[in-house]
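Student: I would like to go through this model with you, one question at a time. Where should we begin?

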Amino acid sequence: MTILKQQANWEQLTKGAHQAKEMGQPILVSYTQRIDAWDPLSFFAKAGNLLHGERSFWSDSTREIVLVGVGHTLIFDERDTVGENRFSAVERKWKEWVANALISENGGPGTGPVIIGGFSFDPEKKKTDLWKGYHDASLILPRWMLTLNEHGRWLTTNVVLTPEENIAQLKEQLNKEKSILDEAAQTVSFAKGTPFVTKEVAPDSWKQSIGLATREIQKEKLKKVVLARELRLTGESSFSPEGTLASLHANQPDSYIFAIERGDGCFIGASPERLVKREGRRLLSNCVAGSTVRGADIKEDLALGEELLHDQKNKDEHDFVVQMICEAFCQESENVEVPDEPTLHKLRYIQHLFTPVTGWAREGTSLLSMVHRLHPTPALGGWPWSESLSWIREQEILDRGWYAAPIGWLDARGDGEFCVAIRSGLLRGAQASLFAGNGIVEESDPEKEYEETRWKFRPMLSALEH
């Protein structure tokens with residue numbers, strides 16, 4: 001590991017301790033240094049020896065930014081927020097810490113102090129034990145953050161110093177932790193997955209709910225509603241978050257890859273769908289809705305793609321998403337741009353209709369305010385927004401937890417990105433729950449929708465079989 005200006009880092013800690021004493025309150029100190037070619041998957045795996053249950057992994061669909069967080073320096077949890085929505089509550093608290101923080105010069109996007117985590121799909125939905133530890137909002141400032149970006153590889157250290165801080169003791173502890181993390185320079189061999197059996201959760205009830213939904217649509221109470229279902233897996237031994245993550249990273253190259261640990265649980269997946277990204281004032285979102293399977297060969301694949309592009313049911317489903325996202329962008333940004341027609345976004349097992357949306361944020365528009373404005377899009381909830389969400393809350397037997405919800409990161413400058421947590425599963429020891437959902441419109445056929453969810457389970461099933 002190459003350390004730049006290590007002495008300057010210790011001086012920054014000393015300066016921070018003096019500042020905390022003068023102010024009479026804790027302050028955040030964050031410093032970033034360039035490192036050698038560490039592998040992020042190895043870093044995630046090796047970090048389990050240091051702080052198992054406190055790891056986070058996130059990469060965008062182009063691999064331009066990869067983040068691996070270890071440990072908890074600050075925790076922003078929101079449960080049953082009253083008088084303030086959970087997104088603004090997290091943002092307000094984060095800004096309060098950043099305002100007095102000592103932050104070293106950083107290495108570009110994803111460096112410096114960055115909080116990483118996610119939100120639940122619906123805070124009003126009745127909770128179950130399945131999602132223990134995963135609150136309605138839960139973002140973490142890691143103790144250690146490995147970042148890969150266009151400028152190189154970086155390690156950020158984040159500590160909170162109190163007025164009574166013992167700097168000598170803190171330095172000793174940081175050196176011990178860093179010596180363990182240094183092992184990440186060695187590439188890890190990941191174990192194969194454990195054999196498992198699967199059990200579908202109430203498939204007949206799920207199909208019946210599609211009939212209920214289409215009747216509501218025929219009565220014009222809804223235009224579209226998204227229904228999700230669960231597949232439960234029991235392994236012969238514990239499922240491996242490290243091996244599953246490595247498999248997803250290798251086999252889903254055009255997807256957002258994420259893994260968020262909370263205690264003995266790991267929520268993990270490979271999502272094709274960006275919710276929103278902010279770079280300075282620039283905002284970007286993707287409309288992903290309407291799908292079909294990939295073909296067995298190039299000829300069949302092209303034919304299936306052309307059929308999808310001209311299928312009215314899928315086009316209508318896609319248009320609901322485009323209209324809603326464009327409306328949200330027009331309210332919060334300027335110079336909104338959206339193509340006239342969708343293109344195809346092809347993944348390993350499935351292809352989607354795809355439309356990008358861009359705009360320039362108005363004053364007062366933040367990344368988390370856009371997350372609040374956009375979630376859930378009609379691709380995850382339905383349309384109209386309020387009616388479809390209420391219908392899901394009442395009719396869907398699944399506790400979605402963080403499934404189909406925003407997962408991502410936010411830095412001290414207000415930049416960051418959130419994807420939508422689909423094609424995902426929750427691992428807990430030898431138990432796993434996988435999730436998939438479909439947009440239901442008036443023409444939906446229960447058997448066809450059921451088959452489509454089976455395609456959507458394939459990325460996670462394949463990763464667990466690795």
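Student: Which residues lie nearest the centre of the largest pocket?

Tutor: This is a predicted model, where local features need pLDDT (the predictor's confidence in each residue, from 0 to 100) of at least 70, side-chain atom pairs count only at pLDDT 80 or more, and totals for chains, interfaces and linings use all residues. Residues are numbered from 1 along each chain as its sequence is written, and side-chain values use heavy atoms, leaving out hydrogens and water. A pocket is an open set of points on a 1 Å grid over the protein atoms alone, where a 1.4 Å probe fits, with protein on both sides within 12 Å along at least five of seven lines; lining residues have an atom within 4 Å of a point. Of the 16 lining residues, those nearest the centre are Ser291, Asn314, Lys448, Glu452 and Trp455.

Student: Which element gives the largest share of that lining?

Tutor: β15 (282-293), α7 (298-310), α8 and α11 (446-465) each supply at least two residues; helices (H or I, at least four residues) and strands (E, at least two) are DSSP runs, numbered from the N terminus. The largest share is four residues, and it comes from α11.

Student: How many charged residues are in the lining of the largest pocket?

Tutor: Asp, Glu, Lys and Arg count as charged. Beside four nonpolar and four polar residues, the number of charged ones is eight.

Student: What is the average pLDDT of the protein chain?

Tutor: Over residues 1-7 the score is below 50. Where pLDDT is low, the predicted coordinates should not be read in detail. In the chain, 97% of the residues score at least 70, and the average is 91.

How values were computed: Contact = heavy atoms within 4.5 Å.
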